[in-house]
Amino acid sequence: MKTLVAAAMLAGLIMVAGCSKTQQQSPQPASAGPNGGDLVSIKGGTAYAELVSNADTGELIVHTVDKDLKTSRPIEMEPITVGSSGNSVELTPQPTDTDPSGTSSRFYGQADWMRGGSVRHGWMQGRGTGDKQEFEWQRGWEAGRMHWKAMGSHGGMGPGHDSEREGGGMMGR
């Protein structure tokens, strides 16, 4: 009898271990975008907005991508509003050269309340993104540090970032 009970217990432990292993190997939804930023589902779940933020300057870029997280997904060229608590910032469309006319796959803004990288919960809304979406700000801060470092002089974004001197940049479009 003791052998039968021990065998049953061993079989149960093997099943539990097997289930745990299966759960760990099952594909998890992507939690970081192609630039390492936080993802927010937009357009009724048919696309994502990736938020990449710079804690030093308070700058924020939103890239819109298809569900494959590789292909740019231009949306209506309307501002996107991003906020946290009682603060918000309007991000202006900054279309890339490949975005069709009247659309944008990149949006840019800057807000002093974002400096320091302490914001952890946010929301986003806009005509092109759909209803107000809440999200956890987790990866966007570190991704932003790497993103802006790779862009050198901030790629000409925003006032004081060489946009006029270099003949355009994002804000000069």
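User: What order do the elements of the chain run in, from the N terminus on?

Analyst: The order is α-β-β-β-β-β-β-β-β-β-β-α. Keep in mind that this is a predicted model. Counted up, the secondary structure comes to two helices and 10 strands.

User: Which strands make up the open sheet, and in what order?

Analyst: Eight strands, in the order E1-E2-E3-E8-E6-E5-E9-E10, with antiparallel pairing. The twist averages 25° from one strand to the next.

User: What makes E1 and E10 edge strands?

Analyst: Each of them pairs on one side only. That goes for strand E1, at 38-42, and for strand E10, at 130-136.

User: Why are E5 and E6 called a pair?

Analyst: Pairing takes at least two bridges between the strands. Strand E5 (residues 80-84) and strand E6 (residues 87-93) have five bridges, in the antiparallel sense, so they pass that cut-off. If you want one bridge to look at, take Ile 80, whose partner in E6 is Leu 91.

User: How do you know that E9 and E10 pair?

Analyst: Same kind of reasoning. Strand E9 (residues 121-126) is joined to E10 by five bridges, and at least two are needed, so the two strands count as paired. They run antiparallel and form a hairpin with three residues between them. Gly 122 is one to click on: Phe 135 in E10 stands opposite.

User: What makes you say that the charged end of Lys 132 sits over the ring of Trp 123?

Analyst: The distance to the ring centre is 4.4 Å. The cut-off is within 6 Å, along with a limit of within 35 degrees of the ring normal. The distance passes the first part, and the pair is listed as a charge over a ring.

User: Why is Gly 58 called buried?

Analyst: Its relative accessible area is 0%, and buried means under 20%, so Gly 58 qualifies. Gly 58 belongs to the loop between strand E2 (47-54) and strand E3 (59-66). Setting aside neighbours within four places in sequence, its contacts are Gly 109, Gln 110, Ala 111, Met 114 and Arg 115. Of these, Ala 111 is 53 residues apart from Gly 58 along the chain, yet their C-alpha atoms are separated by 5.1 Å.

User: Why does Ser 105 count as buried?

Analyst: Ser 105 comes in at 4% relative accessibility. Set that against the under 20% rule, and Ser 105 is therefore buried. The residue lies in the loop between strand E7 (103-104) and strand E8 (106-110). Beyond its neighbours within four places in sequence, Ser 105 touches several residues, including Val 62, His 63, Thr 64, Arg 73 and Asp 99.

User: Why is Lys 70 called exposed?

Analyst: Exposed takes over 50%, and Lys 70 has a relative accessible area of 73%, so the label fits. This lysine is found in the loop between E3 and strand E4 (75-76). Lys 70 and Asn 35 are 35 residues apart in sequence, with 10.0 Å from C-alpha to C-alpha.

User: How much of the chain counts as buried?

Analyst: Of the 173 residues, 39% do. The accessible surface comes to about 9,800 Å², and 54% of that belongs to carbon and sulfur atoms.

User: What share of the contacts with a separation of 6 or more comes from residues 24 or more positions apart?

Analyst: That share is 53%.

Conventions: Residues are numbered from 1 along each chain as its sequence is written. This is a predicted model: local features need pLDDT of at least 70, side-chain atom pairs count only at pLDDT 80 or more; totals for chains, interfaces and linings use all residues. Side-chain values use heavy atoms; hydrogens and water are left out. Helices (H or I, at least four residues) and strands (E, at least two) are DSSP runs, numbered from the N terminus. Axes are lines fitted to C-alpha atoms, for helices over the stretch in contact, and angles run from 0 to 180 degrees between N-to-C directions. Buried means under 20% relative accessible area, exposed over 50%, partly exposed in between (1.4 Å probe, protein chains only). Contact means heavy atoms within 4.5 Å. Accessible areas come from the Shrake-Rupley method with a 1.4 Å probe; for residues, only the protein chains shown count as cover.
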